[in-house]
Amino acid sequence: MAEKRKTETGTASLFKKIIKNTLAPPPDLTVSEWADAYRKLSSESSAEPGQWRTDRAPYQRDIMDAVNDPELEKIVIMSSAQVGKTELILNTLGYHIDFDPAPIMIMQPTVGLAQSFSKERLAPMIRDTPAIKYKVADAKSRDSGNTTLNKSFPGGYVALVGANAPSGLASRPIRILLADEIDRFPVSAGTEGDPLSLAEKRTNNFYNRKKIFVSTPTIKGASRIEVEYELSTKERWSLSCPSCDEYQHLTWDQVVFESESVACKHCGAIHNEYEWKVQHGKWIAERPAAHFRGFHLNELVSPWKKWREIINDFLDAKKKGPEALKVWTNTSLGETWEEDGEQIDADDLAGRREQYEAEVPEQVKVITAAVDTQDDRFEIEVIGWGVGKESWGIEYHVIHGDLSQAQIWNDLDEYLSRTWSKRDGKRFGIVCTCIDSGGHFTQEVYRFTKARAARRIYAIKGKSSPKGNYVSLIDGYSKPRPIQAILVSVGVDDGKARLMSNLKVDEPGPNYCHFPEGRGYNANYFLGLTAERLETRYERGVAYKVWRKVRQRNEPLDLRVYNIAALEIINPNLEKEYAAGTVQKKKRRRSSSKGVK
C-alpha cells in the first residue's frame with residue numbers, strides 16, 4: 001500500500017510539474033523576454049550552458065524582438081560565424097511553440113543538414129527547456145507526431161526540410177518560415193524552381209506571416225543573403241567611441257594589429273577590445289524606409305570571439321592563400337568575396353617555368369599522380385607537394401595506344417611504378433594516384449585500380465555542382481558492381497575553385513604552383529590549364545556560378561584537380577622532414593643473438 005501511495009504521489013507531482021510548465025507566458029512577452037525567462041542552453045551546443053541571457057550579446061535583442069512587430073513580415077540576418085545566429089532561430093522557434101503556436105518550417109540547405117539540425121540543436125533545446133519540453137509530443141509514444149523532421153505541439157507543428165528536396169516544400173501551409181544558410185541553397189529544388197520562393201509561397205494564407213532569412217554570405221554576385229540585405233533597412237550594430245561617443249560599426253580597416261585594438265573613425269582614438277565592447281550599442285539603419293529589416297554582424301562585436309583570435313585567423317588565412325582568405329572574409333567579417341580575375345592568363349603561367357636542380361626539387365615531401373583516360377591515350381601529370389601545399393609540376397606525360405588492349409595498361413602500370421630522385425639521391429615514388437573513370441573504359445579502370453588499391457591507385461568520378469549546390473572535393477567513396485573497386489566521387493567545381501585560387505598566388509610559398517622547363521609543360525599544357533572560366537548565370541532571377549569551357553582541350557585542368565583530390569585523400573603531414581612517399585635504401589639489420597644480416 002505504501003508503495004502504491006508513493007507511486008501515486010510521484011505521478012501527481014509530475015502532473016503538477018507538467019501543468020506548471022505548460023502555462024502560457026504573459027501576453028505581452030517578446031521573443032527576447034521569453035528567452036531570458038525560459039530558454040535553457042544545452043551543453044552539447046553551447047560553451048555556456050544554462051539560462052539564456054540576451055545581455056551576453058545585446059545586439060541580439062532587437063533582432064529577436066523584430067519578430068513581434070506586427071507590421072514586419074520579413075527579417076534578414078547577414079552575419080559572420082560566432083555571433084549566435086543559430087540561437088536566434090531557436091529562440092524564435094521556442095517562443096512560438098510556447099506562446100504563439102503556429103505551423104513553422106525550418107529550412108536547411110539539404111535534408112541531411114535538416115536532420116543534423118534537428119538532432120544536434122533542436123532536440124537538446126526541447127529537452128532542456130522546461131517551458132516547451134512537455135508541449136512537444138513524445139517521440140516514444142504511438143502516433144506522437146514527433147519524428148526527426150516533424151515535431152507537433154498544441155496549435156502547430158515544426159517541419160524541418162531540405163532546400164534540395166521539393167517534396168518537403170509542397171502542400172504545406174506555413175506561418176513562420178525560418179530559412180537558415182540560404183546562400184547554400186540550390187538554385188532549383190529538383191525541377192520545381194527556386195526553393196526559397198517555393199517556401200515563401202507556403203506562407204501566403206497567413207496575414208501575420210513571418211519570414212526570417214539567415215546566412216553567412218559567399219561570393220559577390222551569387223549571394224542570396226547579400227541581395228536580400230541590400231533591399232532591407234541595412235542595419236549595422238554600432239558602438240559609441242569611448243573617447244568621443246560617436247556611434248560606428250566596427251570594420252576591419254579600423255583594426256590595429258600590433259595592439260589588438262580598434263581606432264575610432266571620427267576622432268582616431270585607439271581603444272582595446274574591453275573598452276569598446278562595454279560601450280552602449282545600437283542598430284543604425286542605412287535605409288530606414290525599407291519595407292523589411294536587415295541586420296549585418298561581424299565577429300568584431302561577438303562576445304565569443306576575441307580580437308586576438310580574429311587577427312591570428314586572418315594572418316593564417318593570408319599565408320594559406322586566396323581560398324582561405326575567402327572563407328575568412330565570409331565567416332569572420334560576414335561579407336561577400338569578390339572574385340578577382342576569374343580566368344588565368346596562359347602566357348603568364350607559362351612565363352613562370354623554371355629550371356629545377358633535379359628531377360624532384362628539394363622542398364618536395366610527397367608525390368601524387370593523376371590520369372585522364374581518352375579513347376586513344378592516357379594523359380598523366382605527376383606533382384610534388386611541399387609545406388603549405390606549395391606544388392611543383394614533376395612531369396606531364398602522354399601514353400598513346402588502344403585502351404581496349406592490355407599493352408597500354410601495362411605501360412601505365414610501369415609508369416606509375418617508377419621513381420623520381422632529388423639531388424642527394426633520395427628517390428620518391430607516387431603515394432596516391434587518381435584515375436578518371438568517366439570515359440568509355442569505366443570497367444577497365446575499375447579492374448586496373450582494384451588490383452592496385454594497396455598502392456593507393458583509385459578510380460574517381462568527377463561530380464559537378466548542380467546549379468548552386470555545393471559539392472565538396474571528396475564527396476564520398478563507393479564500390480560499384482560488379483567489380484567492386486573503390487570509386488572516389490570528386491567535386492570538380494570545388495577543386496577548380498581551389499586550383500584557380502592557387503594559380504593566383506604570385507610569390508613562392510604556400511599554395512604557389514611551380515612549373516618546370518620542358519618535361520611536357522609546353523604552350524598547349526598552359527592553354528589546357530586555363531581552358532575554363534567561372535561565370536555567373538541566372539535561373540528565374542537567382543544567380544549561380546558555373547564553369548564554362550573557353551577552349552576544347554582541358555585535360556591539364558582536370559589532372560590538376562585530380563591531383564589536388566589525391567593529396568586530399570592521403571592528407572599527409574607536409575610539415576614533416578620526409579613524408580611517406582620517400583623511397584630509401586633498406587638498411588641491413590643485424591642481430592648479435594641470431595647472427596642474421
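Q: How many disulfides does the structure hold?
A: Zero disulfides in this predicted model.

Q: What about Cys241, and which cysteine sulfur is nearest to it?
A: The nearest cysteine sulfur belongs to Cys264, 3.6 Å away, and Cys241 is in no disulfide. The cut-off for a disulfide is a pair of sulfur atoms within 2.5 Å.

Q: Is Cys241 buried or exposed?
A: Buried, with a relative accessible area of 0%.

Q: And Cys432, which cysteine sulfur is nearest there?
A: That of Cys434, at 4.8 Å, and Cys432 is in no disulfide. Cys432 counts as buried, at 0% relative accessibility.

Q: Switching to charges. How many salt bridges does the count come to?
A: The count comes to 36 salt bridges.

Q: Start with Arg61. What does it form a salt bridge with?
A: With Asp36, where the closest N and O atoms are 3.7 Å apart. Arg61 lies in helix H3 (residues 59–65) and Asp36 in helix H2 (residues 31–38), so this pair ties together parts that are 25 residues apart in sequence.

Q: Are those two buried, exposed or partly exposed?
A: Arg61 counts as partly exposed at 25% relative accessibility. Asp36, at 29%, also counts as partly exposed.

Q: What does Asp194 pair with?
A: Asp194 forms a salt bridge with Arg224, and their closest N and O atoms are 2.9 Å apart. Asp194 sits in the loop between strand S7 (176–180) and helix H7 (195–201), while Arg224 is in helix H8 (residues 224–230), so the pair ties together parts 30 residues apart in sequence.

Q: Buried or exposed, for Asp194 and Arg224?
A: Asp194 is buried, with a relative accessible area of 11%. Arg224 is buried as well, with 13%.

Q: Which residues are linked in a network of salt bridges?
A: One such network links Asp376, Arg377, Glu379, Arg553 and Glu555. Within it, Arg377 forms a salt bridge with Glu379, with the closest N and O atoms 2.8 Å apart.

Q: How accessible are Arg377 and Glu379?
A: Arg377 has 14% relative accessibility and counts as buried. Glu379 has 9% and counts as buried too.

Q: OK, helices. How do H15 and H17 pack?
A: Helix H15 (residues 492–504) and helix H17 (residues 555–570) pack at an angle of about 100°, and their axes are 9 Å apart. The two are therefore roughly perpendicular to each other.

Q: Which residues make that contact?
A: On H15 they are Val492, Gly495, Lys496, Arg498, Leu499, Met500 and Asn502. On H17 they are Leu557, Asp558, Arg560, Val561, Ile564 and Glu568.

Q: How do they divide into nonpolar, polar and charged?
A: The residues of the contact of H15 with H17 are six nonpolar, two polar and five charged.

Q: Last one, Gly156. Where does it lie?
A: Gly156 lies in strand S6 (residues 156–162). Gly156 is buried, with a relative accessible area of 15%.

Q: What does Gly156 touch?
A: Leaving aside residues up to four places away in sequence, Gly156 touches Pro101, Ala102 and Pro103.

Q: And how far from His96?
A: The C-alpha atoms of Gly156 and His96 are separated by 8.9 Å, and the two residues are 60 residues apart along the chain.

Note on methods. Residues numbered from 1 in each chain as written. Predicted model: local features only at pLDDT ≥ 70, side-chain atom pairs only at ≥ 80, totals over all residues. Heavy atoms only, no water. Axes fitted to C-alpha atoms, helices over the stretch in contact; angles between N-to-C directions. Helix = DSSP H or I, 4+ residues; strand = E, 2+ residues; numbered from the N terminus. Parallel < 35°, antiparallel > 145°, perpendicular 65-115°, else oblique. Contact = heavy atoms within 4.5 Å. Nonpolar A, V, L, I, M, F, W, Y, C, P; charged D, E, K, R; others polar. Buried < 20%, exposed > 50% of the residue type's maximum accessible area, 1.4 Å probe, protein only. Salt bridge = Lys/Arg side-chain N within 4 Å of Asp/Glu carboxyl O.
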